[in-house]
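Welcome, and please open the model in your viewer. We will walk through it one selection at a time.

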Amino acid sequence: MFKQNLAKPLLQLSTNSTHNTMAKYSEKAGEKVEKTMHEMKEGELKGGNGKKVTSKKQAIAIGLSEARKKGAKVPKKKD
């Protein structure tokens, strides 16, 4: 009758004492991603080729890349 929400949460915190939950991204990286997401929604964010970015995933990747260049704590890129 009712559809279940099967979407995965963006952040899962474990209450298990054996599992260590450390932040993967620094606060500065989060702020940079937040800024790029805002730019994307306003239509001001441009990719490397000069076109407007419309993908949420691409906007996040640009934000993390910029944060990485500034020296923020961000995990290495996956190949």
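On this tour, two residues are in contact when heavy atoms of theirs lie within 4.5 Å. Keep in mind as well that this is a predicted model.

**The whole chain**

Begin with the cartoon view of the protein chain, where you will find 2 helices and 0 strands. The chain has 79 residues, and buried ones make up 22% of them. If you take the contacts between residues at least 6 apart in sequence, 44% join residues at least 24 apart.

**Stop 1: Ser-26**

Select Ser-26, which sits in the segment before H1. Which residues does Ser-26 touch, leaving aside its neighbours within four places in sequence? They are Ala-72 and Lys-73. Now add Ala-67 to the selection: its C-alpha is 9.2 Å from that of Ser-26, though the two are 41 residues apart in sequence.

**Stop 2: Lys-32 and the salt bridge**

Next, move into helix H1 and pick Lys-32. Not counting residues up to four places away in sequence, Lys-32 touches Gly-63, Glu-66 and Ala-67. Show the side chains of Lys-32 and Glu-66, because this pair forms a salt bridge, with the closest N and O atoms 3.4 Å apart. Lys-32 belongs to helix H1 (residues 27–42) and Glu-66 to helix H2 (residues 56–70), so the salt bridge ties together parts that are 34 residues apart in sequence. The structure holds 1 salt bridge, so you can stop looking once you have this pair on screen. Is Glu-66 buried or partly exposed? At 30% relative accessibility, Glu-66 counts as partly exposed. Before leaving, you can also mark Arg-68, whose C-alpha lies 9.8 Å from that of Lys-32, with their positions 36 residues apart in sequence.

**Stop 3: along H2**

Select H2 from end to end. This helix has 15 residues and reaches 21 Å from its first C-alpha to its last, close to the 21 Å expected at 1.5 Å a residue. Colour its buried residues, which are Ala-59, Ile-62, Gly-63, Leu-64 and Ala-67. H1 is included in what covers them.

**Stop 4: the loop at Lys-46**

Turn to the loop between H1 and H2 and choose Lys-46. With a relative accessible area of 46%, Lys-46 is partly exposed. Beyond its neighbours within four places in sequence, Lys-46 is in contact with Lys-51, Lys-52, Val-53 and Ile-62. For a distance to draw, try Lys-46 to Thr-36: 9.8 Å from C-alpha to C-alpha, and 10 residues apart in sequence.

**Stop 5: Val-74**

Now go to the segment after H2 and select Val-74. This residue is buried, with a relative accessible area of 13%. Its contacts, leaving aside neighbours within four places in sequence, are Lys-24, Tyr-25, Ala-29, Leu-64, Ala-67 and Arg-68. Draw a line from Val-74 to Ala-29: these residues are 45 apart along the chain, and their C-alpha atoms are separated by 6.9 Å.

**Last stop: a pocket**

Keep Val-74 selected and add Lys-24, Tyr-25, Arg-68, Pro-75, Lys-76, Lys-77 and Lys-78; together with Val-74 they line the second largest pocket. How much space lies in this pocket? About 170 Å³. Colour the lining by class to finish, and you should see 3 nonpolar, no polar and 5 charged residues.

Definitions and conventions:
Residues numbered from 1 in each chain as written. Predicted model: local features only at pLDDT ≥ 70, side-chain atom pairs only at ≥ 80, totals over all residues. Heavy atoms only, no water. 1 Å grid on protein atoms, 1.4 Å probe; cavity = no way out; pocket = protein on both sides within 12 Å on 5 of 7 lines; lining within 4 Å. Points joined across faces, edges and corners; volume = space filled by probe spheres on them. Nonpolar A, V, L, I, M, F, W, Y, C, P; charged D, E, K, R; others polar. Salt bridge = Lys/Arg side-chain N within 4 Å of Asp/Glu carboxyl O. Helix = DSSP H or I, 4+ residues; strand = E, 2+ residues; numbered from the N terminus. Buried < 20%, exposed > 50% of the residue type's maximum accessible area, 1.4 Å probe, protein only. Expected span 1.5 Å × (residues − 1).
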